[in-house]
Amino acid sequence: MKLVDVTSIQVADEVFVAAAPPLAAAVIGDPANWRRWWPDLRLTVTEDRGEQGVRWRVEGPVSGTMEIWNEAVLDGFVLHYFLHAEPTGRLPEDSRARADALAEENRIRRVTGKTVSFECKRLLEDGRPAGAPATGYPAAAGSGAR
């Protein structure tokens, strides 16, 4: 059975970031970070949502769409990362070799997604000790109050 309208590369990741959502726009919206995170991809912004994230059209070794969506939760947010794409290079004809090549491309893109997610967390939490209030809020807001 062949699946229709499903891309070969499907990456989804999420991490809780203990920082005020408005801080996210400076890190996630910075094209210099994009070039570092995805040096082999050409990104075109299709929607800049500020503190809620960015959506891109992706070209290069893979072609498709990518998104970072920030969902406000408690005193921080959940950073959701998605990549839906197809390889642009030639894939092996042999079905096993083709499956192995797609699995490897998915692995590479998943590792990159996890690296990006944790770098955003590290940058935005800025050394915040575990259990301390989220960064970007007054100390009293650490209880979850907004």
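**Salt bridges across the fold**

Biologist: Let's start with Lys 114: buried, partly exposed or exposed?

Modeller: Bear in mind that this is a predicted model. The relative accessible area of Lys 114 comes to 35%. Buried would need under 20% and exposed over 50%, so Lys 114 is partly exposed.

Biologist: Which side chain does Lys 114 meet in a salt bridge?

Modeller: The N to O distance in that pair is 2.7 Å, and the cut-off is 4 Å. Its partner is buried, with a relative accessible area of 14%. The residue that meets Lys 114 is Asp 13.

Biologist: How many residues apart are those two?

Modeller: Asp 13 belongs to strand β1 (residues 9-17), while Lys 114 is in helix α3 (residues 95-125). The pair links distant parts of the chain, and the separation is 101 residues.

Biologist: Helix α3 also holds Glu 119; which helix does its salt bridge tie it to?

Modeller: Glu 119 pairs with Arg 36, with 2.7 Å between the closest N and O atoms. Those parts are 83 residues apart in sequence, and Arg 36 lies at residues 31-37, in helix α2.

Biologist: Which of Glu 119 and Arg 36 counts as buried?

Modeller: Arg 36 has a relative accessible area of 46%, so partly exposed is the word there. Its partner is at 15%, and the cut-off for buried is under 20%. The buried one is therefore Glu 119.

Biologist: And Arg 109, what is its relative accessible area?

Modeller: Arg 109 is in helix α3 and forms a salt bridge with Asp 40, which sits in the loop between α2 and β2 (42-48), 69 residues away. Asp 40 is partly exposed at 35%. Arg 109, however, is buried, at 6%.

Biologist: Which residues are linked in a network of salt bridges?

Modeller: The structure holds 13 salt bridges altogether. In the network, charged residues of both signs are linked: Glu 47, Arg 49, Arg 55 and Glu 67.

Biologist: Stepping back, what pattern does the chain follow?

Modeller: There are three helices and five strands to place. Read along the sequence, they come out as β-α-α-β-β-β-β-α.

Biologist: What share of the contacts with a separation of 6 or more is between residues 24 or more positions apart?

Modeller: The Asp 13 and Lys 114 pair, at 101 residues apart, is one example of a link across the sequence. For the protein chain, the share of such contacts is 59%.

Terms used:
Residues numbered from 1 in each chain as written. Predicted model: local features only at pLDDT ≥ 70, side-chain atom pairs only at ≥ 80, totals over all residues. Heavy atoms only, no water. Helix = DSSP H or I, 4+ residues; strand = E, 2+ residues; numbered from the N terminus. Buried < 20%, exposed > 50% of the residue type's maximum accessible area, 1.4 Å probe, protein only. Contact = heavy atoms within 4.5 Å.
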